Amino acid sequence: IVFSELANLTLSDPFLLLDLMRLVGASRALQRSEAHPTVEQMLMMLGLEVITARYRQIPALSTVHGKLDQEVVDAVGDWLGRSRIAAFIIKEWLAITGEYKVEDCFIAALVYNLPACLYLIYRNRLPGGPLLHEVADVFSQDYPRIVEQFIQRMPLPSGLLDTLGANVTLVAPPTLL
């Protein structure tokens, strides 16, 4: 296994990425500095054996009678797909403009919809209207603020907040809301 291939696998699944970032996000060194390591660096920090053992234990998202319905699993897949499309759009646009924080922005785009996806899984029902609006209404906050608190409470690397900037909504194109 090559770390770059494992990094690509992690970047292809936002829940794997979230798990990895939670593992390294608690590091005091990462919380003190505004560092935002690459996925490959995070994998190397933990080591190959730890990561492969951890990834083997993570079950695939699937239906569970009475707890997680198929339409909710499909909706979560749809929202994770939207995050991935947004991430690729952002990556291409930043590459064209010569930006150097391409992976950081790619990761931020993948993370943006995760609180809403976890809300869907927890509630196990499809929203009556736009998902991000429902999540914002339930928590009585704007969705960008929910994302910010999500990052802080997980804890994910603090550099992720810097990537999102003061206006978190820059990460998600309006068509994805």
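**Exercise 1. Locate the salt bridge between Glu 148 and Arg 145 within its helix, and state how far apart the two residues are along the chain.**

Solution. Glu 148 and Arg 145 both belong to helix H10 and are three residues apart, so about one helical turn separates them. In general, an α-helix has 3.6 residues a turn, so residues three or four places apart point the same way. In this predicted model, the closest N and O atoms of the Glu 148 and Arg 145 pair are 3.0 Å apart. A salt bridge requires a side-chain nitrogen of Lys or Arg within 4 Å of a carboxyl oxygen of Asp or Glu, and the pair is counted as one. Next comes accessibility. Glu 148 has 25% relative accessibility and counts as partly exposed. Arg 145, at 36%, also counts as partly exposed.

**Exercise 2. Find the salt bridge partner of Arg 54, and say which helices the pair ties together.**

Solution. The partner is Asp 19, with the closest N and O atoms 2.7 Å apart. Arg 54 lies in helix H5 (residues 48-57) and Asp 19 in helix H2 (residues 14-25), so the pair ties together parts that are 35 residues apart in sequence. The two ends have their own accessibility classes. Arg 54 is partly exposed at 30% relative accessibility. Asp 19, at 8%, counts as buried. The pair also belongs to a network: salt bridges link Asp 19, Arg 22 and Arg 54.

**Exercise 3. Classify Arg 125 and Glu 134 as buried, partly exposed or exposed.**

Solution. Buried means under 20% relative accessible area, and exposed means over 50%, with partly exposed in between. Arg 125 has 35% relative accessibility and therefore counts as partly exposed. Glu 134 has a relative accessible area of 14%, so this residue is buried. The side chains of Arg 125 and Glu 134 meet in a salt bridge, at 3.0 Å from N to O. The count of salt bridges in the model comes to five.

**Exercise 4. Describe how helix H8 packs against H6 and against H10.**

Solution. Two packed helices are described by the angle between their axes and the distance between the axes.

Take H6 to begin with. Helix H6 (residues 70-97) and helix H8 (residues 114-123) pack at about 180 degrees, and their axes are 9 Å apart. Angles over 145 degrees count as roughly antiparallel, and H6 and H8 are therefore roughly antiparallel to each other. On the H6 side the contact is made by Val 72, Ala 75, Val 76, Trp 79 and Leu 80, and on the H8 side by Leu 114, Cys 117, Leu 120 and Ile 121. Nine of these residues are nonpolar, with no polar and no charged residues.

Now take H10. H8 and helix H10 (residues 143-153) pack at an angle of about 90 degrees, again with axes 9 Å apart. This angle makes H8 roughly perpendicular to H10. Leu 114, Pro 115, Ala 116 and Leu 118 of H8 meet Tyr 143, Ile 146, Val 147 and Phe 150 of H10. This contact consists of eight nonpolar residues, no polar and no charged.

**Exercise 5. Name the buried residues of helix H4, and work out how they are placed around its axis.**

Solution. In helix H4 (residues 39-46), Val 39, Met 42 and Leu 43 are buried. They cover an arc of only 100 degrees around the axis, which puts them on the same side of H4. The buried residues of H4 pack against helix H1 (3-12), H2, H5 and helix H7 (102-112). After H4 comes Gly 47, whose phi is positive, near 95 degrees.

**Exercise 6. Decide how H7 sits in the structure, and what Ser 83 contacts.**

Solution. Of the 11 residues of H7, 10 are buried, so this helix is largely enclosed by the rest of the structure. Among the buried residues are Asp 104, Phe 106, Ile 107, Ala 109 and Leu 110. Ser 83 is found in helix H6 and counts as buried at 0% relative accessibility. Leaving aside neighbours within four places in sequence, Ser 83 is in contact with Ala 109, Leu 110 and Asn 113. The C-alpha atoms of Ser 83 and Ile 107 are separated by 9.5 Å, and the two residues are 24 apart along the chain.

**Exercise 7. State how many helices and strands the protein chain has, and what share of its residues is buried.**

Solution. The secondary structure comes to 11 helices and zero strands. Buried residues make up 43% of the 177 residues in the protein chain. Of the contacts with a separation of 6 or more, 66% are between residues 24 or more positions apart.

Technical notes:
Residues are numbered from 1 along each chain as its sequence is written. This is a predicted model: local features need pLDDT of at least 70, side-chain atom pairs count only at pLDDT 80 or more; totals for chains, interfaces and linings use all residues. Side-chain values use heavy atoms; hydrogens and water are left out. Axes are lines fitted to C-alpha atoms, for helices over the stretch in contact, and angles run from 0 to 180 degrees between N-to-C directions. Helices (H or I, at least four residues) and strands (E, at least two) are DSSP runs, numbered from the N terminus. Angles under 35 degrees count as roughly parallel, over 145 as roughly antiparallel, 65 to 115 as roughly perpendicular and the rest as oblique. Contact means heavy atoms within 4.5 Å. Ala, Val, Leu, Ile, Met, Phe, Trp, Tyr, Cys and Pro count as nonpolar, Asp, Glu, Lys and Arg as charged, and the others, Gly among them, as polar. Buried means under 20% relative accessible area, exposed over 50%, partly exposed in between (1.4 Å probe, protein chains only). The arc is that of the directions from the helix axis to the C-beta atoms.
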